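Colleague: Could you take me through one residue in this model, up close, and then show me how its surroundings fit into the whole assembly? I'd like one connected story rather than a list.

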Amino acid sequence: MPHTEALLFPLAMIALVAEAMTAALAAGRRKMDWLGVAMLGCITALGGGSVRDVLLGHYPLWWVDSPYLLLVTGGAALLTIGLARFVHRFHAIFLLLDAIGLVVFTIMGCNIALGMNQPLLIVVVAGMITGCVGGVLRDVLCNDVPLLFRSELYASVSIVTGLLYIGGIKLQVSPDLVIAAAFAVGLTFRLLAIRLKLEMPKFVYDSDNA
Amino acid sequence: MPHTEALLFPLAMIALVAEAMTAALAAGRRKMDWLGVAMLGCITALGGGSVRDVLLGHYPLWWVDSPYLLLVTGGAALLTIGLARFVHRFHAIFLLLDAIGLVVFTIMGCNIALGMNQPLLIVVVAGMITGCVGGVLRDVLCNDVPLLFRSELYASVSIVTGLLYIGGIKLQVSPDLVIAAAFAVGLTFRLLAIRLKLEMPKFVYDSDNA
Amino acid sequence: MPHTEALLFPLAMIALVAEAMTAALAAGRRKMDWLGVAMLGCITALGGGSVRDVLLGHYPLWWVDSPYLLLVTGGAALLTIGLARFVHRFHAIFLLLDAIGLVVFTIMGCNIALGMNQPLLIVVVAGMITGCVGGVLRDVLCNDVPLLFRSELYASVSIVTGLLYIGGIKLQVSPDLVIAAAFAVGLTFRLLAIRLKLEMPKFVYDSDNA
C-alpha cells in the first residue's frame, strides 16, 4: 500500500477480522474442526487479495510479505468459536463489519492496481476481486453456490465504491479525502441495501433445452 | 498471439461470446442475479486462459492486457438474459458455437505455450487447460461436479486438436494451414461425438472400503 | 529441490502415485470417465505444489519443468481403474501411502520455501499447502466439502512435520537426518491418528441468526 496506508491500515485490520469471523461461523455450520475453522478464516479474509495478486502478477502476496496476517485472521476465526453462543446478539455488528470489509478491501484492491498503472476497468475489477472473492472461496469450500452471484447488492457496492475512488484519484482530489468519501458512500450503500432488502433482478432460466 | 492472430482473432471472439452465453444459461438455472450472470460469463469465457497463464507464469493475462474482453464476455452474458426465451430454438447453434470455442481456445493455448518454448506435453496440456478449464470453473461455481470429467468427448477433442496443431507446426507446415486443419478436424470430431453420443468408458467405483 | 533431492526423490514419486490413486478412487465414486480419472489424478497429486508455487511466485512449476510427472500421475490414476476390484484388500496400504504422501509433500514444500528465504511461518504454510491442497482440489472437483477441514489429524500432521523439519534445518542438523526424523515422526503421528481415531475438536454452529 502506498502512502494512504496510515488511513487504510486500521480499517483493513478490522476488515480482515470481520471476514475471518464470518468464515468461522460458516465453518461451524459445516462442523469443521478447529484447524479447519482457522484455515477457512485465513482463506476467506486473505483469499480475495491473493487471487487479485496472482491474476495481476503482483508479488509477493500481502500475507507472504506480512505473515502475521495469518495469525490475525486465523486467531480471529478461532476466537469466534468461543464467542459463537453470543454471536446472534451481535448479528447487526457482524453485518456492519462485513460491510466495512467489503468497502475497505475494494479500496485497497483499486489502490494496488492503480499503483501498477493498470487500465481503469482493471482497477475496478481488481477492487471487486479483492472485496468479493474471499467470500466466493468460502462458499465453494463449504460446498455452496456462492452468495455473491445470487444475493443482495454486494458486488454492486464494490463497483460503486471502486468507481468513486478511482474518479477521485484521477481528479487529483486528496487521497485521504477520496478514501473517506468512497468509504462513506460504499458503506452507506451496502447498509441501505441490507436494510431495504435491495436486490438486483435475477435471471431465472428453467428450460432443459439448452 | 503471434502472427496467426489475423485468422484466430475473429474465431476467438466467437468462442468468447459462445462460452459466455452458455455460462449465462447455467447462471439462470441457479437463479443468479444480473451481475452474477455477467461475472460468471467473464469467468467461464476467460478463466481457462487465465489459469493457463497463471500456471505458466505468462503475464500479463489476456484480459488484463485487453480489458475490453471483459465487456465483450460480460455483455454477451447479459444479452443472453434477453434472448433466453428463444434460446431453445437455437440449441444446435449453441452446441456449434461451444464446439468452436473449445477448438479455438485449444489452438490459442497451444500457441501461447509454443511461444514460450515449453515441452510438447506442456503445449498439449496448455491447450486443454485453455479449452476446458473455463467450463470447470463454471460448474464448480454452480456447485456441480464438472461435466468435463464425466461427459462426452470434450477433453479428448482438445487433445486431438492440440496434437494436430503441434504436429503441423513442428513439421513446418504453413501456420494458417495448420490452424485450418486442426480447427476442421477438431470441430468435426466434437460434432460427431455429440451427434453419435460418443463417450469414453467410465470408471464406476462403489465400494466404501477405500 | 536442493541437494536433499537424492533422499526425497523416490519418496516423492511414491507420494505422487499414492495421491493419484486415491484421486482415481474418488473419481470412480463420481462415475467419471477415464480421461477425467487421469485428470483428477494429476490435479490431486500435483495441485498442492502448484498452488504453493503460484502463491509464492516460484516459477516454473514442478510439472511444467518436468512434464513426465503428468504421465506418472495420470498413469497411476488409470492403472487404478484396473486395480479397483482388488483395492479394498489393500486399504491399509493405501492409507500408508497417503500418509507418506502427506509427510513427503510437506517436507518438499518447506524445502522450497526455505530455498526462497521465506519467513518461518510461511515455510510452515508452504509445507501445509503442498501436503494438503491437492486433496482439497480433489474434494471440490468431486463436489464435496473438503475432508481436510472436517476430519482426522491431517493438516496438524503437516504442521508438526513442518515445524520439526524447519527446527532441524535451523539448528544446522544434517539435512538427511532432519528429513529422516521429520518423516518418521510425521508418519508415526499420522498413522497413530488413524489407528486411534484421534480427531481435533469440532466447531458446531447451528444458529440461523448469523
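Modeller: Sure, bearing in mind that this is a predicted model. Let's start with Ala155(A), which sits in helix H7 of chain A, the helix that covers residues 155–170. Is Ala155(A) buried or exposed? Ala155(A) is buried, because 22 other C-beta atoms lie within 10 Å, and the cut-off for calling a residue buried is 20 or more.

So who are the neighbours? Setting aside residues within four places in sequence, Ala155(A) is in contact with Met128(A), Cys132(A) and Leu148(A), and also with Leu35(B) and Met39(B) from chain B. Val17(A), on the other hand, is 138 residues away along the chain, and its C-alpha atom is 20 Å from that of Ala155(A).

Those chain B partners take us to the contact between the two chains. There, 32 residues of chain B meet 29 residues of chain A. On the chain B side, the elements giving two or more residues are helices H1 (5–29), H2 (34–56), H4 (68–87), H5 (91–115) and H6 (120–141). H2(B) gives the largest share, eight residues. By class, that side of chain B has 22 nonpolar, six polar and four charged residues.

Staying with chain B, have a look at Leu40(B). Not counting residues up to four places away in sequence, Leu40(B) touches Phe149(A) across the chains, plus a set in chain B: Ala23(B), Ala26(B), Ala27(B), Met32(B), Ala77(B), Arg138(B) and Leu141(B). Leu40(B) is also among the residues with the most contacts inside the largest nonpolar core, which has 223 residues. Leu40(A), Ile107(A), Ile107(B), Leu40(C) and Ile107(C) are the others named there. As background, nonpolar side chains in soluble globular proteins tend to be buried together.

Now for the chain C side of the story. The contact of chain C with chain A takes 29 residues from chain C and 32 residues from chain A. In chain C, helices H2 (34–56), H6 (120–141) and H7 (155–170) each supply at least two residues, with H6(C) giving the most, four residues. That side of chain C divides into 19 nonpolar, six polar and four charged residues.

How do the copies relate? A turn of 120° with a shift of 0.0 Å along the axis lays chain B on chain A, with an RMSD of 0.0 Å. The two copies are therefore related as by a three-fold rotation axis. Finally, only 9% of the interface residues of chain B are also interface residues in chain A, so the copies meet through different surfaces.

Definitions and conventions:
Residues numbered from 1 in each chain as written. Chains lettered and ligands numbered in written order. Predicted model: local features only at pLDDT ≥ 70, side-chain atom pairs only at ≥ 80, totals over all residues. Buried ≥ 20, exposed ≤ 12 C-beta atoms within 10 Å, placed from the backbone. Contact = placed C-beta atoms within 7 Å. Core = buried A, V, L, I, M, F, W, Y, C linked by C-beta atoms within 7 Å. Nonpolar A, V, L, I, M, F, W, Y, C, P; charged D, E, K, R; others polar. Least-squares fit on C-alpha atoms with pLDDT ≥ 70 in both.
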